[in-house]
Protein chains: 2
Amino acid sequence: MQTIVNDIQAWLKDHFEEGTLLLQRLVQAPSIAGNEAGAQSIIAKKLNEMGLKVDVWEPDGNELKANEYFCSPREQFTGSPNVVGVLAGTGGGRSMILNGHIDVVPEGDHEQWSDDPYSGVVKDGKMYGRGVTDMKGGLVSFLLAIEAIQKLDIKLKGDVIFQSVVEEESGGAGTLSTLLKGYKADAALITEPTNMRIFPKQQGSMWFRILVKGRSAHGGTRYEGVSALEKTMLVVNQIRGLEIRRNEQIDDPLYEKTPIPIPINIGVVSGGTWPSSVPDLVKIEGRMGVAPNEKMEDAKREMSQCLQQLAEIDPWFAEQPVVLEWFGAQWLPGSIDIEHELMNSLVHQYRESVGEEPVIEAAPWGTDGGLLTEIGKIPTVVFGPGVTEMAHYPNEYIEMEKVFKAAEVIALTLLQWCNSQN
Amino acid sequence: MQTIVNDIQAWLKDHFEEGTLLLQRLVQAPSIAGNEAGAQSIIAKKLNEMGLKVDVWEPDGNELKANEYFCSPREQFTGSPNVVGVLAGTGGGRSMILNGHIDVVPEGDHEQWSDDPYSGVVKDGKMYGRGVTDMKGGLVSFLLAIEAIQKLDIKLKGDVIFQSVVEEESGGAGTLSTLLKGYKADAALITEPTNMRIFPKQQGSMWFRILVKGRSAHGGTRYEGVSALEKTMLVVNQIRGLEIRRNEQIDDPLYEKTPIPIPINIGVVSGGTWPSSVPDLVKIEGRMGVAPNEKMEDAKREMSQCLQQLAEIDPWFAEQPVVLEWFGAQWLPGSIDIEHELMNSLVHQYRESVGEEPVIEAAPWGTDGGLLTEIGKIPTVVFGPGVTEMAHYPNEYIEMEKVFKAAEVIALTLLQWCNSQN
């Protein structure tokens, strides 16, 4: 095996420039929701060159709409294809899905970027650009791992199914579409940006909106009104209390080092119409973490009950209860045993390849892992070279060295998992 | 005098329908900022019919811009004329300005109005429509008072200067323009909607905007960020403390019955861009009351110092201080002695006419009174028939009976103030 390890390392080293160029081209093809076709064609072309069996299809909105796990702001996906490439095994081995998303979040305020947000420029070993860390770098790690195995003529018994999906940032419609199309395997990896940590568990996440009512009045006689902003402050405190209670109950060692394992974040606030009027309506929007082993419905019920209790704190809420809506994106939680064979393989190969113990934690955010593990029944682990803190932010970057190290770990894991014949 | 009182009462009673129709036509001519010409032409026509010396001019933006008290979102007023009508006295008497604004605030959400917002419909003695109470009803009270005096052939020694101005709702540019044009008098009345209370003092008011900074982070790792919403809650509490301290210092008996004499209202809140991100910027906008005898600059300084002290409560504010801006509209405070002769005249005539003691208070909001009193050196009292609580709100209305009663009080006050010869 050591020879194979050396060969893989050598191949990756020899193809450092090529792999870097591939990632650069991917980054330079912006792929915000609705605009993924360009980047996907680069992926499909690469898979074709590699001689994999390539499947390109646009997710079917009608089929998805009928599925209870469908979640997206849109209902049709023309021009937004998924791309799958299969490296067929020789038979008798375990299969592996390598799943990553091609879609990126908007680049935001250009003023905050030092270079063009889609530059792909490399400085001091770091490549910059929206999506490089979340998660085109991870997609390239997958492709490098597969290509190394191929070019070194290593035969795997089990199939390797590479998936470049759309819609992860919007709630998983791309991955759901792969399940509906029938893609299945014995395990899956997702190379979201984990800072090379290994996440056998991922929290779920749901977006909520709360409307807080007040009563209008002239600002000069504000005591005749009820400020929806002041009431919102009570709502915010109430939600903090809920977050504290929920997180006190988390005793999973994988969350030991996480300050707040399943946070409730309020991300948007908006209300009132006129400086001289008491605001009579305030809206807040946020995301609520769902523990890896928790049901979404139970989490929703806890939020709902928490808000109902506002009436005990302030009779205004009995008169004018807040309105709670679950909207937009949601990500199912996912969880596999920390001793699952997939974990054993990955952890072992990480140790061998990197030369130190991997950090094993639970994910601080949602991924498509929950869909694969819980709905697809495909045990999934999240592990990737991207920089967790830079995902979604200006000057997003990735360390190229990590892209290749992750490729090495993944290649070796494939060898072990898919039971190589060599 | 009793004969004259009877005559005036009789005249007003005889012209109830005519006066009601005039007000209805005025209400049915929407006059939001920029669109006042239609309503003003109704006023000008009426003044011409009454044989007053009529002056119609558009405020001069260049002239206004050069004046330190100019305050408006716009700099030119084409199509937005002021209208003045002068009833010349016979000489040797005191003059009076009767000032009211033609502009109205937007009608807001039509769904909240039972009838069309500009219907002018009369039900059970109440006329409905945007502007009827704030303050076209008051303008009609003035016109009725003047016409009664004229038609009864009562000669006044002093001039009566009726002014229908634009821009009161935006900060006083219309009234400022009358001052720059040279209109001056020994006293002034403004028929803003006081519920027939008499306001010898009016608070000032200024709009402020505060930007509160945070630090962005992914919502799933919110502890890595700093929520601008949470910091805004500290700012709101800080401002509450300032409001409490400022109002504790108000010992003016005219504010005895007012729960919060000079309130600080936060009317608008807005911040954050994404439910899954910690908000890094929140903006709040509001209005700050200025006591009748307070300088605007002193009030501004108190707010500024209050916000600087945030750093003592939370070191974040030392690192990222909030940004305070004074923007948009402002109204100067105004104040005359409660024993001023104008007050004596008005209070006396109120007693005689209404048959009870008037309620004398300080205004809960800003008006053009501060401009007239403090800048024009024209002692001004605010008194009018409109319904204070309905100003700026859906289903705004006025009681027609009060329009005519106010006209009676004003006519009798004019007789006393302008030293009638009869």
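What rotation, and what shift along its axis, superposes chain A on chain B? In this predicted model, chain A is brought onto chain B by a rotation of 180° accompanied by 0.1 Å of shift along the axis, with an RMSD of 0.0 Å. Such an operation is the relation of a two-fold axis. Within chain A, the C-alpha nearest to this axis belongs to A:S270, which lies 2.1 Å from it. The interface follows a corresponding pattern: 100% of the interface residues of chain A are also interface residues in chain B, and the copies therefore meet through the same surface.

Within chain A, strand 6, spanning residues 160–165, has six of its six residues buried, that is, under 20% relative accessible area, so that the strand is largely enclosed by the rest of the structure. The side chains of this strand are divided between two directions, with A:V160, A:F162 and A:S164 pointing one way and A:I161, A:Q163 and A:V165 the other way, and all of these residues are buried.

Strand 6 of chain A is paired with two strands described here, strand 2 and strand 3. With strand 2 of chain A, which comprises residues 82–87, the pairing is antiparallel and extends over five bridges; in this pairing, A:V84 has A:Q163 of strand 6 as its bridge partner. With strand 3 of chain A, residues 96–101, strand 6 runs parallel, and the two are joined by six bridges. On that side, A:M96 stands opposite A:V160, a residue of strand 6 that is itself buried.

Conventions: Residues are numbered from 1 along each chain as its sequence is written. Chains are lettered from A and ligands numbered from 1 in the order in which they are written. This is a predicted model: local features need pLDDT of at least 70, side-chain atom pairs count only at pLDDT 80 or more; totals for chains, interfaces and linings use all residues. Side-chain values use heavy atoms; hydrogens and water are left out. Copies are superposed by least squares on the C-alpha atoms of residues with pLDDT of at least 70 in both. Contact means heavy atoms within 4.5 Å. Buried means under 20% relative accessible area, exposed over 50%, partly exposed in between (1.4 Å probe, protein chains only). Helices (H or I, at least four residues) and strands (E, at least two) are DSSP runs, numbered from the N terminus. Two strands pair if DSSP finds at least two bridges between them.
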